[in-house]
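Colleague: I have the chain open on my screen and would like to walk through it with you. Could we start with the surface and then go on to single residues?

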Amino acid sequence: LEVRNLKKHFPIKRGFFSRTVGQVKAVDGVSFYIRQGETLGLVGESGCGKTTTGRVILRAIEPTSGEVFFVDPKLGRVNIPDLDPQQLKQLRVSMQMIFQDPYSSLNPRMTLLEIVGEPLLVNHLAKGKELEDRVAHLLRVVGLRGEYMIRYPHAFSGGQRQRIGIARALAPNPRFIVCDEPVSALDVSVQAQILNLLQDLQAQFGLTYLFIAHDLSVIEHISDRVAVMYVGKLVESALTEELFVNPRHPYTEALLSA
């Protein structure tokens, strides 16, 4: 993945006619790259634009400007903002997201079979008995029992719910996953289990991660390289060991001391 000068500005509207009086520059000229099989940690305080960056890359939110190049097995090297809806649908199989909140990101009215099986159905990858078998296998891969697929999310703890979210992201066999603070809502003891699971899955399936977090100890544990974000801009990028030993930017030093 290669991101070049990515911007996302949200308009500020005021008055009776909702005139645009300004812009919130949530992402303001961000550039970075991620090699295949690598984990890039995107770190910064709340509100600095980390999640918006992840969502704009996946085009869950449309970018204001910039380029996002991705190497897809079927489409080849493509610029994601330029894709038409049909091409984007093909690309969705290769790119997935693990959400921050394991409670609000799972539909309480759907069983695990429906939740994890939905990406397979939508992308016409499996149905019927094959779908059930795939869902049971995915649940086992993330450390849950296959027979849990008839249950609803309310029957599970926060850590188990996040495992369900990970199984859903893995369902279409993606190459690239945006992990949007996947452990910040979990207990510390459960965080370690989920991080180890993500590392095992990366080794098993050759996944590439953009790992968004504000907890530097988590970033140090899982990332190969770290990019530090501050008020919509990247202020520093380095190998993980290098950044923690020798931070160059005053904001990175402030983050580490906090």
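Modeller: The chain exposes about 12800 Å² (accessible areas come from the Shrake-Rupley method with a 1.4 Å probe, and for residues only the protein chains shown count as cover), and carbon and sulfur atoms supply 50% of that area. Please keep in mind that this is a predicted model, in which local features need pLDDT of at least 70 and side-chain atom pairs count only at pLDDT 80 or more, while totals for chains, interfaces and linings use all residues. Residues are numbered from 1 along each chain as its sequence is written, and side-chain values use heavy atoms, with hydrogens and water left out.

Colleague: And how much of the chain counts as buried?

Modeller: Of the 258 residues, 50% are buried, where buried means under 20% relative accessible area, exposed over 50%, and partly exposed in between, with a 1.4 Å probe and protein chains only.

Colleague: What about the radius of gyration, what would a compact globule have?

Modeller: For 258 residues a compact globule would have a radius near 18 Å, and the chain agrees with this at 19 Å; the radius is taken over C-alpha atoms, and the globule rule is 2.2 Å times the number of residues to the power 0.38. Along its principal axes the C-alpha trace spans about 50 × 45 × 40 Å.

Colleague: How many helices and strands are there?

Modeller: There are 9 helices and 10 strands, which are DSSP runs numbered from the N terminus (helices are H or I with at least four residues, strands are E with at least two).

Colleague: Switching to E181, where is it, and is it buried or exposed?

Modeller: E181 sits in the loop between strand 7 and helix 6 (188–205), and with a relative accessible area of 6% E181 is buried.

Colleague: Which residues does E181 touch?

Modeller: Leaving aside residues up to four places away in sequence, E181 touches K50, Q100, I212, A213 and H214, a contact being heavy atoms within 4.5 Å. With H214 there is also a side-chain to side-chain polar contact at 3.0 Å; that term stands for a pair of N or O atoms within 3.5 Å, where within protein one must be able to donate a hydrogen and the other to accept it, and residues adjacent in sequence count only if both atoms are side-chain atoms.

Colleague: And how is S105 placed?

Modeller: S105 belongs to the loop between strand 6 (95–98) and helix 3 (112–122). A polar atom of the S105 side chain lies 2.7 Å from the backbone oxygen of D101, and S105 touches F99 and R168, residues up to four places away in sequence not being counted.

Colleague: Helix 3 comes next, so which of its residues are buried?

Modeller: The buried residues of helix 3 are L112, I115, V116, G117, P119 and L120, and their cover includes helix 4 (128–141) and helix 5. Just after helix 3, H124 takes a positive phi of about 55°.

Colleague: Which loop holds R59, and what is its phi?

Modeller: R59 is in the loop between helix 1 (50–57) and strand 4 (65–72), and although R59 is not a glycine, its phi is positive at about 60°. R59 is buried, with a relative accessible area of 13%.

Colleague: Is N173 buried or exposed?

Modeller: N173 counts as exposed, at 54% relative accessibility. N173 lies in the loop between helix 5 (158–170) and strand 7 (176–180), and N173 has a positive phi of about 60° although it is not a glycine.
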